[in-house]
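Hello,

Here is the structure I promised to pass on to you. Have a look at it first, and then read on for what I found in it.

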Amino acid sequence: MLVMVKLLAGHTYYAGDVLFSQPLWYDWVHTTANYDLIDSAGLYYAHDWLYNQQLHLGRLLTWNPFNFCGHPIFADGKSAFLYPPKLLAHLLLPATYAHDLLLWVHLTGMGIFFHRWLRALGLSAVAARLGGSAWMLAGFVQTWLQSEYSVTFGCWLPLIMERQLAGLGGAQL
C-alpha cells in the first residue's frame with residue numbers, strides 16, 4: 001500500500017525506502033516479517049539511474065563497475081535494457097521520471113489487458129472491469145512492485161493468454 005500512496009502523491013517509488021522503516025536485523029524465530037525483500041533495494045533503481053546517465057552521455061551501459069567488483073549488466077536478464085519502452089523512456093526522461101512512468105504504464109496495462117482477456121473469455125463488462133482492477137491492484141503486485149520485471153510480466157501475460165485462447169479457437173477480438 002505504501003507504493004500506491006507514494007506514486008499517487010507524486011513521489012518516486014524506491015524500494016530502498018523500506019530500509020528506513022524496518023530494522024536491518026530481526027529475530028528470525030519470532031518475527032514473521034519478510035525483510036529479505038530489501039535485496040532489490042539497491043538493484044533496480046540504482047542500475048536504472050546508471051543506465052539513464054550513460055544513455056544521456058551517448059553510451060549503452062554494458063558493465064556496471066559499481067556493483068560488487070563489476071557486473072555484466074547488459075547480460076543480466078533482469079536489467080531489460082533493450083526492452084523498447086524502457087529504452088525510450090530513459091532516452092527521453094530523467095531516471096526518476098522514467099522509472100515511475102514505466103511503473104504506471106505497466107500497472108495500467110495490467111488492468112486493461114486483463115480486462116480484454118476476461119472479455120475474450122466471455123465475461124460481462126462489469127466482471128471484466130472488476131477483474132482487471134483486482135489484477136492490477138492485488139497485494140502481490142504491490143508487494144513485488146520493487147521487482148519491476150514482475151509488473152512488466154504481469155502486464156503482458158494477459159495478452160499472451162488472449163492470443164493462446166484465439167489460437168485454440170476461442171473468441172476472436
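**Two helix pairs**

Let me start with a pair of helices: α5 (residues 95-120) and α6 (residues 125-137) pack at an angle of about 145°, and their axes are 8 Å apart. Please keep in mind throughout that this is a predicted model. Where α5 passes α6, the crossing is right-handed. If you would like to find the meeting place on your screen, look on the α5 side for Leu107, Thr108, Met110, Gly111, Phe114, His115, Leu118 and Arg119. On the α6 side, their counterparts are Ala125, Ala127, Ala128, Arg129, Gly131, Gly132, Trp135 and Met136.

One residue of α5 that I also looked at is Ile112, which has its place in that helix. Its relative accessible area is 45%, so Ile112 is partly exposed. From Ile112 to Trp135 there are 23 residues in sequence, and the distance in space is 9.7 Å from C-alpha to C-alpha.

The second pair is α3 with α4. Their axes cross at roughly 65° and come within 9 Å, and this crossing is right-handed. Here the α3 residues are Asp48, Tyr51, Asn52, Leu55 and His56, and they meet Lys86, Leu87, His90 and Leu91 of α4.

**Lys86 and its partner**

Lys86 deserves a visit of its own. Is Lys86, a residue of helix α4, buried or exposed? With a relative accessibility of 7%, Lys86 counts as buried, because the limit for that is under 20%. Leaving aside residues up to four places away in sequence, Lys86 touches Asp48, Tyr51, Ser79, Ala80, Phe81, Leu102 and Glu148.

Which side chain meets that of Lys86 in a salt bridge? The partner is Asp48, at 2.8 Å from N to O. This pair links distant parts of the chain, with Asp48 in helix α3 and Lys86 in helix α4, 38 residues apart. Both ends are out of the way of solvent in the sense used here: Asp48 is buried, and Lys86 is buried too.

**A small network of charges**

How many salt bridges are there in total? The count comes to 3. Besides the one described above, the side chains of Arg116 and Glu162 meet in a salt bridge, at 2.7 Å from N to O. Arg116 sits in helix α5 and Glu162 in helix α8 (residues 148-167), so this pair ties together parts of the chain that are 46 residues apart in sequence. The two ends are placed in contrasting surroundings: Arg116 counts as partly exposed, at 31% relative accessibility, whereas Glu162 counts as buried, at 2%.

Glu162 also meets the side chain of Arg163 in a salt bridge, with 3.8 Å from N to O. Arg163 has a relative accessibility of 52% and therefore counts as exposed. Through shared partners, these salt bridges join Arg116, Glu162 and Arg163 into one network.

**A patch on the surface**

On the outside, you can look for a nonpolar patch formed by Leu60, Phe74 and Leu82. Together these residues have about 270 Å² of accessible area. Leu82 has its place in the loop between α3 (44-56) and α4 (84-92). Leu82 is exposed because its relative accessible area, 52%, is over the limit of 50%.

**The protein as a whole**

Finally, here is the wider picture. What does the secondary structure consist of? The protein has 8 helices and 0 strands, so to speak a plain run from the N terminus on of α-α-α-α-α-α-α-α. The protein has 173 residues, and 40% of them count as buried. Among contacts with a separation of 6 or more, 58% are between residues 24 or more positions apart. The exposed area of the protein is about 10300 Å², and carbon and sulfur atoms supply 69% of it.

If you open the structure with these notes beside you, I would begin with the salt bridge between Asp48 and Lys86, then go on to the network of Arg116, Glu162 and Arg163, and end with the patch of Leu60, Phe74 and Leu82.

Enjoy looking around!

Best wishes

Methods. Residues are numbered from 1 along each chain as its sequence is written. This is a predicted model: local features need pLDDT of at least 70, side-chain atom pairs count only at pLDDT 80 or more; totals for chains, interfaces and linings use all residues. Side-chain values use heavy atoms; hydrogens and water are left out. Patches are made of residues with over 30% relative accessible area and no salt bridge: like charges are joined within 9 Å, nonpolar side chains (Val, Leu, Ile, Met, Phe, Trp, Tyr) within 5 Å. Accessible areas come from the Shrake-Rupley method with a 1.4 Å probe; for residues, only the protein chains shown count as cover. A salt bridge is a side-chain nitrogen of Lys or Arg within 4 Å of a carboxyl oxygen of Asp or Glu. Helices (H or I, at least four residues) and strands (E, at least two) are DSSP runs, numbered from the N terminus. Buried means under 20% relative accessible area, exposed over 50%, partly exposed in between (1.4 Å probe, protein chains only). Axes are lines fitted to C-alpha atoms, for helices over the stretch in contact, and angles run from 0 to 180 degrees between N-to-C directions. A crossing is left-handed if the near helix is turned anticlockwise from the far one by less than a right angle, and right-handed if clockwise. Contact means heavy atoms within 4.5 Å.
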